[in-house]
Every structure is written in structure tokens, then in C-alpha cells.
Amino acid sequence: MREAPPGGALSFARHNGDEILYSVSNKVRVVDVSTKKIVMTLLGHQRSVHFATAAGCCALSQSDDVIILWKVADWSRIRSLVEPSSSIFAAELSPQGEAVALLY
């Protein structure tokens with residue numbers, strides 16, 4: 001894991017064990033903490049990802065072009081907010097992952 005992105009996103013997630021989410025350009029990598037191996041690469045952003053977080057059953061990644069909500073169980077995409085009409089300054093998941101808060 002020598003890809004150290006300048007200004008990228010970094011967050012913990014919990015699926016089958018502890019995992020780390022980190023962004024490299026327009027991708028989000030999911031890394032197993034115990035093995036230090038990439039278990040999934042999340043795609044769907046055209047621009048650099050600058051925020052990622054996970055809570056409960058969901059994860060969220062944000063770039064200037066899209067906000068994507070992911071299902072942590074299999075890392076599938078639940079929903080996308082593509083090219084929001086207003087600038088979104090922050091996005092956060094509730095502790096159990098059942099709600100998303102957006103600051104715009």
C-alpha cells in the first residue's frame with residue numbers, strides 16, 4: 001500500500017472485520033486491516049474523491065461530480081446523487097447508517 005494520495009479521503013469501515021476506506025484519485029479502495037490487502041475498489045466517480053465514511057450497513061463517498069451511497073455487505077452501489085445542483089460542502093452518515101446529512 002504505497003499509494004499515498006495527496007488530500008484524499010480516509011475512513012474506517014466495519015464489514016467482516018475492520019476495513020479502511022481511502023481514495024486514490026477517482027477511486028475508493030477498501031483495505032482489510034488485518035491482511036493489509038485491497039478487498040475492493042469502488043468505482044463511479046469521474047473526479048477525485050475527497051470524502052469517504054462508513055456507518056452501520058452503509059458507506060458514502062463524495063467527489064465534486066457525485067455522492068455515492070454504498071452497501072457495506074457487498075460494496076454494491078445503493079444510490080447516487082449525480083452533479084448536485086448546489087455545491088455540497090459536507091456529507092455524513094448517521095451512526096447506524098440509516099440517514100444521510102448534507103450541508104449545501
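**Exercise 1. Strand 3 and its partner**

Task: In this predicted model, find how many bridges join strand 3 to strand 4, and which residue of strand 4 is the bridge partner of Val-30.

Solution:
- Start with strand 3, which covers residues 27-32 and is joined to strand 4 by 5 bridges.
- Check the direction next: strand 3 and strand 4 run antiparallel.
- Now pick out Val-30, whose bridge partner in strand 4 is Met-40.
- Step back to the whole sheet, an open one of 4 strands in the order 1-2-3-4 with antiparallel pairing.
- Look at the edges: strand 1 (10-14) and strand 4 (37-42) each have a single partner strand, so one side of each is left without a neighbour in the sheet.
- Finish with the twist, where neighbouring strands are turned by 30° against each other on average, direction ignored.

**Exercise 2. Two hairpins**

Task: For the hairpin of strand 7 and strand 8, and for that of strand 9 and strand 10, work out which residue takes a positive phi.

Solution:
- Strand 7 (residues 66-71) and strand 8 (residues 76-82) run antiparallel and are joined by 6 bridges.
- Within this pair, Ile-67 stands opposite Leu-81 of strand 8.
- This hairpin has 4 residues between its strands, and Trp-75 is the residue with a positive phi, near 60°.
- Move on to strand 9 (residues 90-93), which pairs with strand 10 (residues 100-103) over 4 bridges in the antiparallel sense.
- Here Leu-93 has Val-100 of strand 10 as its bridge partner.
- With 6 residues between the strands, this second hairpin has its positive phi at Gly-97, near 80°.

**Exercise 3. The nonpolar cores**

Task: Name the residues that touch the most other members of the largest nonpolar core, and say which strands each supply at least two of its residues.

Solution:
- The largest nonpolar core has 15 residues, of which Leu-21, Leu-42, Ala-59, Trp-70 and Trp-75 touch the most other members.
- Strand 3, strand 5 (49-55) and strand 7 each give at least two residues to this core.
- Take Trp-70 as your example: leaving aside neighbours within four places in sequence, its contacts include Leu-42, Ala-59 and Trp-75, along with Cys-57 and Cys-58.
- Apart from this core lies another one, of 7 residues, including Cys-58, Leu-60, Leu-69 and Leu-93.
- As background, nonpolar side chains tend to be buried together in soluble globular proteins.

**Exercise 4. A cysteine pair**

Task: Decide how many disulfides the structure holds, and whether Cys-58 is buried or exposed.

Solution:
- Searching the whole structure gives 0 disulfides.
- For Cys-57, the nearest cysteine sulfur is that of Cys-58, 3.6 Å away.
- Compare that distance with the cut-off: a disulfide needs the two sulfur atoms within 2.5 Å.
- Cys-58 is likewise in no disulfide.
- Now turn to accessibility: Cys-57 is partly exposed, at a relative accessible area of 48%, whereas Cys-58 counts as buried at 6%.

**Exercise 5. The end of strand 2**

Task: Find which backbone oxygen the side chain of Ser-23 reaches.

Solution:
- Locate Ser-23 in strand 2, which spans residues 18-24.
- Ser-23 counts as buried, at 1% relative accessibility.
- Its side chain reaches the backbone oxygen of Val-49 at 3.1 Å.
- Val-24 also has its place in strand 2 and is buried, with a relative accessible area of 17%.
- Finally, Val-24 and Val-49 are 25 residues apart in sequence, while their C-alpha atoms are 7.4 Å apart in space.

Technical notes
Residues numbered from 1 in each chain as written. Predicted model: local features only at pLDDT ≥ 70, side-chain atom pairs only at ≥ 80, totals over all residues. Heavy atoms only, no water. Pairing = 2+ DSSP bridges. Axes fitted to C-alpha atoms, helices over the stretch in contact; angles between N-to-C directions. Core = buried A, V, L, I, M, F, W, Y, C linked by side-chain atoms within 4.5 Å. Buried < 20%, exposed > 50% of the residue type's maximum accessible area, 1.4 Å probe, protein only. Contact = heavy atoms within 4.5 Å. Polar contact = N/O pair within 3.5 Å; in protein donor to acceptor, adjacent residues only side chain to side chain.
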